[in-house]
Amino acid sequence: MKHDQAQAETAEVVVGRALAKGHAGQHTRGRTQSRAALSPALDPVRQAARDRAIRLTALWHHVYASDRLREAYDSLHHDAAPGVDGQTWAAYGEPLETTRRDVSDRLTRGTDQASPVTRVDIPQADDRQRPLGKPTLEDKIVQRAPVEVLNALAEEELLGFSYGARPERSPHQGLDAVTVGIEKRHSNGGRDADIWGFFGAIDPEWLVKCVEHRMGDQRVVRHIHTWRNAGVREDGPWRHQEEGTPQGGRPSPWLAHLYLHDGGDLWAAQWRRRHARGDVMIVRSGDDVIAGCQPTDAAEPCLRDLRERCRTFTLERHPDQTRLVECGRDAVERRPRRGQGTPETVDVFGLTHMCGQTTRGVLTGRRKTIATGLRRKLRAVTQTLRQRLHWPIQELGAWLKRVVGGHDRYDGVPRHMGMRRVLRERILRDWCRTIRRRSQRHRMTWQRMYHLLARQRVE
């Protein structure tokens, strides 16, 4: 009982508003951020950051600490893809103590230089390509150490309605917050907004101002410049990145949170205090944000003013992924009276959110995988199965198990509708078809297929 009360008090301090009663009913993780999960050595930094009137000027000794570099190395994935230098985790760790002292000395003297990142393009749902940078292994270590220090500072700055890429504040908690807004808040008019090419649209001058707003240690600021000015290598020679910041390194989520905090979060919190009427819900995860207002006509002025604010920071809302929707408690009653049917759905944070009812007729929030994303994933699995037709059956089953497990780790949330079952059945059918195509006289019946599936789950 005392633990729950202390946890609730911490949540009120972080979020800056009253707790949402009856959150989502079921949670995959704790609702509030846990100070125990953060490094105790950075407690003085967090305590000093609570004074909003000062700029922190003595942080660099936390960055080049040898123990922190060792922790950064141990935290990396052992099979992570190497960067432009081809260095792997195992090879880098053979002379680890000597290398760690060398890196610490270079950071102490301020002579460390970042290597170019390897850029690859990841296809998106709207047929665009999202550039993703892969730093070298040593740069990952060097970046992680200062990012921990900067996170300690940022956690005292960021507001409670921002989720994702923060200690103990996952996107699943943002999904829970959206569900609370649908079920409990009287916010029937909402806006789902996404920023067009966010990481490529970040203005370097504004980014420096956001960092220096609370960061008085110029050694940390110069170190951030070395990450951004390292350049990229993409199927050719090195080139300098004039605009934006590389996406894929450890500093990228922290810089994104800091940029959006000054560019939108502070304005949104001020607008909610001064101009909002009735209940207001604001939830942001990365560059994706949803805002709900109780009077439907208040959502349009909010979006118009927010658009002007974003343009000041060289950001532009995605025209196809930004729209006004009418959903929530009040919309359940008002839309049928106007002959407009059931409340609208909203696609945010990778899932489609909608209003539903329990068996007792009580309003509840429902979630399911976005249909376009599910079709795209199934097409990719089908194409890969055709390419891996010659793979051994056990290896092919292990790969499909990882695909389904990765999907369930994010989409397997409470109150998720039957799209997970659709994905599993479709993948099982494609797997069976692939096995049958290996021979003109196959013996793979569905009975043997289900036996193979049961054995794969056990293994």
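The following exchange asks how the terms applied to this predicted model are justified.

Reader: What should I know about the model and the numbering before we begin?

Author: This is a predicted model, in which local features need pLDDT of at least 70 and side-chain atom pairs count only at pLDDT 80 or more, while totals for chains, interfaces and linings use all residues. Residues are numbered from 1 along each chain as its sequence is written, and side-chain values use heavy atoms, with hydrogens and water left out.

Reader: How many helices and strands does the protein have, and what makes a run count as one?

Author: The protein has 18 helices and 12 strands. These are DSSP runs, numbered from the N terminus, where a helix is H or I over at least four residues and a strand is E over at least two. Strand β3, for instance, covers residues 162–163, and a strand needs at least two residues, so β3 qualifies.

Reader: Why is serine 162 called buried?

Author: Buried means under 20% relative accessible area, exposed means over 50%, and partly exposed lies in between, with a 1.4 Å probe and protein chains only. Serine 162 has 0% relative accessibility and therefore counts as buried. This residue lies in strand β3, and its side chain is joined to that of arginine 166 by a polar contact of 2.7 Å.

Reader: What makes the pair of serine 162 and arginine 166 a polar contact?

Author: The term requires a pair of N or O atoms within 3.5 Å; within protein, one must be able to donate a hydrogen and the other to accept it, and residues adjacent in sequence count only if both atoms are side-chain atoms. The distance here is 2.7 Å, so the pair falls within the cut-off. Not counting residues up to four places away in sequence, serine 162 also touches Arg169, His257, Asp265 and Arg284, where contact means heavy atoms within 4.5 Å.

Reader: Is arginine 335 buried or exposed, and what does it touch?

Author: Arginine 335 has a relative accessible area of 10%, which is under the 20% limit, so this residue is buried. It lies in helix α14 (residues 329–337), and, leaving out residues up to four places away in sequence, arginine 335 touches Glu326, Gln340, Gly341, Thr342, Pro343 and Glu344.

Reader: Why is threonine 57 called exposed, and where is it placed?

Author: Threonine 57 has 53% relative accessibility, which is over 50%, and so counts as exposed. Its place is in the loop between α2 (43–49) and α3 (60–63). The C-alpha atoms of threonine 57 and methionine 215, 158 residues apart along the chain, are separated by 6.7 Å, and threonine 57 touches Gly216, Asp217 and Arg219, not counting residues up to four places away in sequence.

Reader: How do you know that the span of helix α8 is close to the expected one?

Author: The expected span is 1.5 Å times one less than the number of residues. Helix α8 (residues 171–183) has 13 residues, for which 18 Å is expected, and reaches 19 Å from its first C-alpha to its last. Helix α8 is also mostly covered, with 12 of its 13 residues buried. Helix α17 (residues 419–436), which has 18 residues, reaches 26 Å against an expected 26 Å.

Reader: How many disulfides are there, and how accessible are cysteine 310 and cysteine 432?

Author: A disulfide is a pair of cysteine sulfur atoms within 2.5 Å, and by this rule the count comes to zero. Cysteine 310 counts as buried at 5% relative accessibility, and cysteine 432 counts as buried at 1%; Cys432 is among the buried residues of α17.

Reader: What makes β10, β11 and β12 a sheet, and which are the edge strands?

Author: Two strands pair if DSSP finds at least two bridges between them. Strand β10 (residues 346–348) and β11 pair in the antiparallel sense over three bridges, while seven bridges join β11 to the antiparallel strand β12 (residues 363–369), so both pairs meet the requirement of at least two. The three strands form an open antiparallel sheet in the order β10-β11-β12. The edge strands are β10 and β12, because each pairs on one side only. The twist averages 35 degrees from one strand to the next, with axes taken as lines fitted to C-alpha atoms (for helices over the stretch in contact) and angles running from 0 to 180 degrees between N-to-C directions.

Reader: Which residues are bridge partners, and what is found in the turns?

Author: Aspartate 347 has threonine 352 in β11 as its bridge partner, and glycine 356 has threonine 364 in β12. The hairpin of β10 and β11 has two residues between the strands, and phenylalanine 349 takes a positive phi near 60 degrees there. The hairpin of β11 and β12 has five residues between its strands, and glycine 361 in the turn has a positive phi of about 80 degrees.
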